[in-house]
Amino acid sequence: MHVDRATVTVADGFVPVIDLSSRNTVEGRAALARAIDAACTGSGFFVIVGHGIPQDFIDRMFTVTYEFFRLPDEEKERVAHRPGVSGFRRTGGSTAHSLDQQTPPDLCEAFSVHATGELSEEERRKLGNEWATWTLANIWPENPPEFRKVWQEYMTAMGELAADLMRLFAIALDLDETFFDDKFDHHGSSIAVNYYPPQLTPPLPGQWRRGPHTDFGSLTILYQEDNRGGLQVLQGEDDWRDVCAIPGSFVVNIGDLMALWTGGRWVSTMHRVVTPQPDDTSSRLTIPYFYLPNHDASIEPMRPFTDSPAVERFDTVTVSEWVSRKVQKIFS
Ligand SMILES: O=C(O)CCC(=O)C(=O)O
Ligand SMILES: [Fe+2]
């Protein structure tokens, strides 16, 4: 293990731990940007500590969310996803379908809300097609009673953290620090919790808790329950590496749109959630925040990379086209 005292970064090589507590100084930000560039060029994954989100707040988010998933099925079904509405899904689809891999449905329940989910129906309809998740209305469970308030506060906190990470990304890419700001000024980002129920019967052949996939957006901030295990990131062709849960940390990974934006200099890496051993009947809960640029933003490789022979040329794509195509594959 390598400890870089200048950046206060502890690196294990593939998924480094980055301490964000120096992000309030110019020198600190420059050093953090270098560490982020190295991580995003290598695995596209890093773990953050020193992020400033209080642990008791994360714990409250975790507790209300767990309480919801522990409710009887009939109560969860009252806030079930239906056309035009987000909410609870008994299965999170088959995530590996997004990469055209055929698998049985993931062993995962889900609940999601979107930053745009409180807009009027008329406003939301203008934002995209039926697979554009940010056009869906939020729906909130009555129990636990504080669910909606805590989730909304958490969404705000994640949005602020993600926006600052994008600023560090801009520094890391030698862009103006505010380069990305206007690409997120009407974003439809989401919290989409994964609840993996106790595994009481053996999984079907080829079945996962979450099948292999890359995330679609710009960045994901994931909170994972301590010590349950399961998240693995692909290194090379077939080396699946466990991502350990460090108490109080978040796992950050970049998604496809960040890889496209950087012409492939940064990588959107395959990851999956494996099923537990047969004698392990623990459940697992993870809370990802998917930070997505504006649905109508056009993603084309940025200036510093377009001249480099080392990067790939990608077709320009809008956020809406890219993400809704992936979502459609997962759920159909
Ligand atoms: O639950 C996890 O550990 C990861 C889930 C994930 O990759 C996702 O929701 O995109
Ligand atoms: Fe993911």
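Begin by selecting Ser94 and Thr103 in this predicted model. A polar atom of the Ser94 side chain lies 3.4 Å from the backbone oxygen of Thr103. Ser94 belongs to the loop that runs between β5 and β6. With a relative accessibility of 5%, Ser94 counts as buried, because the cut-off for that class is under 20%.

Remain in this loop and select Asp100 next. Asp100 is placed between β5 (87–89) and β6 (109–114). Display its backbone torsions: phi is positive, at about 65°, although Asp100 is not a glycine. Most residues other than glycine have a negative phi. Is Asp100 buried or exposed? Its relative accessibility is 55%, so Asp100 counts as exposed.

A second residue with a positive phi is Asp174, for which the angle is about 60°, and this residue too is not a glycine. To find Asp174, go to the loop between α5 and β7 (190–196). Asp174 has a relative accessibility of 71% and therefore counts as exposed.

Move now to the loop between β6 and α4, and select Glu118 there. Glu118 has a relative accessibility of 43%, so it counts as partly exposed. Add Phe88 to the selection and draw a distance between the two C-alpha atoms. Glu118 and Phe88 are 30 residues apart along the chain, and their C-alpha atoms are separated by 16 Å.

The following stop is the loop between α4 (121–125) and α5 (147–172), in which Pro144 lies. Which form does the peptide bond from Asn143 to Pro144 take? The bond is cis, with omega near -10°. Most peptide bonds are trans.

Glu142 lies in the loop between α4 and α5 as well. Colouring by accessibility will show Glu142 as exposed, since its relative accessible area is 62%. For a sense of its position, select Arg125 together with Glu142: these residues are 17 apart along the chain, and 26 Å separates their C-alpha atoms.

Turn next to the interior, and hide the ligand while the cavity is inspected. How many cavities of 30 Å³ or more are there? The count is one. The space in this largest cavity amounts to about 740 Å³. Its lining is made up of 42 residues, and those nearest the centre are Ala192, Asn194, Arg210, Phe216 and Phe290. Select β7 to see the element that gives the largest share of the lining, five residues. Colouring the lining by residue class yields 20 nonpolar, 18 polar and four charged residues.

From the residues nearest the cavity centre, choose Arg210. Arg210 is found in strand β8, which spans residues 210–213. A relative accessible area of 12% means that Arg210 is buried. Select Val273 alongside Arg210: the two are 63 residues apart in sequence, yet their C-alpha atoms are 4.8 Å apart in space.

Restore ligand 1 to the display for the last stop. Which residues surround ligand 1? They are Asn194, Tyr196, His213, Asp215, Leu222, Leu231, His271, Val273, Arg284, Thr286, Pro288 and Phe290. Val273, already selected with Arg210, is thus one of the residues around the ligand. Asn194 and Phe290 also appear among the residues nearest the centre of the largest cavity.

Three polar side chains can be examined here in turn.

- Select Tyr196: one of its polar side-chain atoms is 2.6 Å from an oxygen atom of ligand 1.
- Select Asn194: an N or O atom of its side chain is 3.0 Å from an oxygen atom of ligand 1.
- Select Asp215: here the distance from a side-chain N or O atom to an oxygen atom of ligand 1 is 3.2 Å.

Finally, show the surface of the ligand. Taken alone, ligand 1 exposes 300 Å², and the protein buries 94% of that area.

Definitions and conventions
Residues numbered from 1 in each chain as written. Chains lettered and ligands numbered in written order. Predicted model: local features only at pLDDT ≥ 70, side-chain atom pairs only at ≥ 80, totals over all residues. Heavy atoms only, no water. Helix = DSSP H or I, 4+ residues; strand = E, 2+ residues; numbered from the N terminus. Buried < 20%, exposed > 50% of the residue type's maximum accessible area, 1.4 Å probe, protein only. 1 Å grid on protein atoms, 1.4 Å probe; cavity = no way out; pocket = protein on both sides within 12 Å on 5 of 7 lines; lining within 4 Å. Points joined across faces, edges and corners; volume = space filled by probe spheres on them. Nonpolar A, V, L, I, M, F, W, Y, C, P; charged D, E, K, R; others polar. Near = heavy atom within 4 Å. Polar contact = N/O pair within 3.5 Å; in protein donor to acceptor, adjacent residues only side chain to side chain. Areas by Shrake-Rupley, 256 points an atom, 1.4 Å probe, with all protein chains shown as cover.
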